[in-house]
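Q: I would like to learn how to read a structure with a bound ligand, feature by feature. Could we go through one together?

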Amino acid sequence: MSEKKIFVTRPLLPELKDMESQLEEIWTSKQLTNMGPKHDELEHRLKETLKVQNLSLFNNGTIALLVAIKAMKLPYKSEVITTPFTFAATPHCIQWNGLKPVFCDIEPNTMTIDPNKIEALITPNTSAILGVHVYGFPCKVDEIDKIAKKHNLKVIYDAAHAFSTEINGIGIGNFGDITMFSFHATKLYNTIEGGALTYNNPELVRKIYNLRNFGIRNEELVEEVGINGKMNELQASVGLLNLEIYKKEQEKRKIIKEFYDKNLSSIKGVRIPKMPVNTTNSYQYYPIVIEDDYKVSRDELHLIFKEHNIITRKYFYPACSDYECYKHELSTKLADLSTVNDIKNRVLCLPYYGSLEDNTINEIVEVVQNAK
Ligand code: T4K
């Protein structure tokens, strides 16, 4: 048993001495926030890293997603078809915009929204589809695009888990009308708290700038009802330093993934979801799916891990469609959510970060091998 608690993740942190010199610069300039030099540099650098045309930084992913939805100008109370297999922030951002989340089932391998089940949910009141690249698995973007074009719907992506994921060499932030990234401490690439929006339509640049900054254009002009979504200089400096080291972290996680894959895939009843071909992995999470022919249930395995002082996570149990605030909606009650309702009871995210020690990784594999 591990002496210290092992968590599902640990944040990527730059060297303290590198942070000290960043802090010295900030202290000297006294520019702490409001689109300072570090903010602007990070925006520029991330645009290159994520291979996107436009990128706006935010103080966290949730505010970024709120603004993304707002920028789409969807009719008040219209319906947004989304996945319930996600973090609470996704449907909450729809609801906070005065819109209605309508939950669609997921497909079993990538656990992303199932395009084959979207059209049945479209009504005259549907205005958008919001897909989540959950665990970094990309949604079926081409199929979603076709449906959206056919029904004149906006497409919004939540790429909170998909930093640096690419499909056929195209950055994941290029698909749909707008994409949100989260840079929360638990994410592969973090700015402590933080996030970004990426989009190809140049007309959105001004709109998003305004929405992020109270709607203020200049000292005498307030153009619309905005919010405070600004990333500060301390967050941006962590972001600049983490840009230098996130690839190393990915390499370490790749090795851990190979070890997990090799040792877990041969265990009866343990399924390892596969990344689609021509897609690069963000190495954000390591989910396994516990099938009926495994020795114990997912919940039992979760408890066995706990006895070893290893904290695995049931991301995303409960599904958002089970939340008190959504489960009573008629659309939730009527929806066919059979795959979500199955997967939510089977999935378990294992500890997954570069500084996991070899003996811990071995222990994690042994727990799955020997559970009874
Ligand atoms: N969309 C999706 C699909 C998302 O997953 C998220 C966030 C969002 C939107 C919203 O983006 P943000 O507004 O957060 O930028 C965590 C994160 O707080 C949350 O950001 C994330 N999704 C979600 C999936 O996971 P919890 O409640 O699981 O976090 P917590 O505090 O239990 O952290 C997990 C483990 O990480 C801890 O056991 C230990 C470790 N940890 C965590 C923190 C915060 C550290 O070692 N250091 C830390 O500072 O939600």
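The dialogue below takes up the ligand site and then a set of individual residues.

Q: Before we begin, what kind of model is this?
A: This is a predicted model, and the values discussed here were computed from it.

Q: How should I start reading the ligand site, and which residues come nearest to the ligand?
A: The general idea is to begin with the shell of residues around the ligand and then to look at its individual contacts. In this structure there are 25 residues around the ligand, and Arg-10, Thr-62, Asp-158, His-161 and Tyr-315 come nearest. Sorted by class, that shell holds 10 nonpolar, 11 polar and 4 charged residues.

Q: Which polar atoms lie beside oxygen atoms of the ligand, and how much of the ligand's accessible area does the protein cover?
A: Here one reads distances between pairs of polar atoms, keeping side chain and backbone apart. A polar side-chain atom of Arg-10 is 2.6 Å from an oxygen atom of the ligand, while a polar backbone atom of Gly-61 is 2.9 Å from a ligand oxygen atom. His-184 also takes part, with a polar side-chain atom 3.3 Å from an oxygen atom of the ligand. On its own the ligand has 910 Å² of accessible area, and the protein covers 76% of it.

Q: Where does the ligand sit, and which elements give two or more residues to the shell around it?
A: The ligand is placed in the largest pocket. Two or more shell residues each come from helix H3 (61-71), helix H4 (89-96) and strand E8 (178-182).

Q: How do I read a peptide bond from its omega angle, and which bonds are cis here?
A: One takes the omega value of the bond together with the place of its residues in the chain. The peptide bond from Tyr-315 to Phe-316 is cis, with omega near 10°, and Phe-316 lies in the loop between helix H8 (298-307) and helix H9 (324-327). A cis peptide bond also joins Tyr-317 and Pro-318, where omega is about -5°, and Pro-318 is likewise found in the loop between H8 and H9. Tyr-315 has appeared already, as one of the residues that come nearest to the ligand.

Q: What is there to notice about the phi angles of Met-35 and Phe-214?
A: The sign of phi is read together with the residue type. Met-35 has a positive phi of about 55° although it is not a glycine, and Phe-214, not a glycine either, has a positive phi of about 60°. Met-35 belongs to the loop between helix H1 (16-29) and helix H2 (37-49), whereas Phe-214 belongs to the loop between helix H6 (204-212) and strand E10 (216-218).

Q: Why is Met-35 classed as it is for burial, and why Phe-214?
A: The class follows from the relative accessible area, with buried meaning under 20% and exposed over 50%. Met-35 is buried because its relative accessible area is 16%, whereas Phe-214, at 37%, is partly exposed.

Q: How is a polar contact between side chains read, and what does Glu-166 contact?
A: One names both partners and the distance, and then adds the setting. The side chain of Glu-166 makes a polar contact with the side chain of Lys-51 at 3.2 Å. Glu-166 is found in strand E6 (residues 166-167), and its relative accessible area of 16% is why it counts as buried.

Q: How do I compare separation along the chain with separation in space, and how far apart are Thr-9 and Lys-187?
A: One sets the number of residues between two positions beside their C-alpha distance. Thr-9 and Lys-187 are 178 residues apart in sequence and 8.5 Å apart in space, C-alpha to C-alpha. Thr-9 lies in the segment before H1 and is buried, with a relative accessible area of 12%. Leu-234, in helix H7 (residues 233-264), is 203 residues along the chain from Gln-31, and their C-alpha atoms are separated by 10.0 Å. For Glu-3 and Asp-114, which are 111 residues apart along the chain, the C-alpha separation is 42 Å. Glu-3, also in the segment before H1, counts as exposed because its relative accessibility is 82%.

Conventions. Residues numbered from 1 in each chain as written. Predicted model: local features only at pLDDT ≥ 70, side-chain atom pairs only at ≥ 80, totals over all residues. Heavy atoms only, no water. Near = heavy atom within 4 Å. Polar contact = N/O pair within 3.5 Å; in protein donor to acceptor, adjacent residues only side chain to side chain. Areas by Shrake-Rupley, 256 points an atom, 1.4 Å probe, with all protein chains shown as cover. 1 Å grid on protein atoms, 1.4 Å probe; cavity = no way out; pocket = protein on both sides within 12 Å on 5 of 7 lines; lining within 4 Å. Sits in = over half its atoms within 2 Å of the grid points. Helix = DSSP H or I, 4+ residues; strand = E, 2+ residues; numbered from the N terminus. Nonpolar A, V, L, I, M, F, W, Y, C, P; charged D, E, K, R; others polar. Buried < 20%, exposed > 50% of the residue type's maximum accessible area, 1.4 Å probe, protein only.
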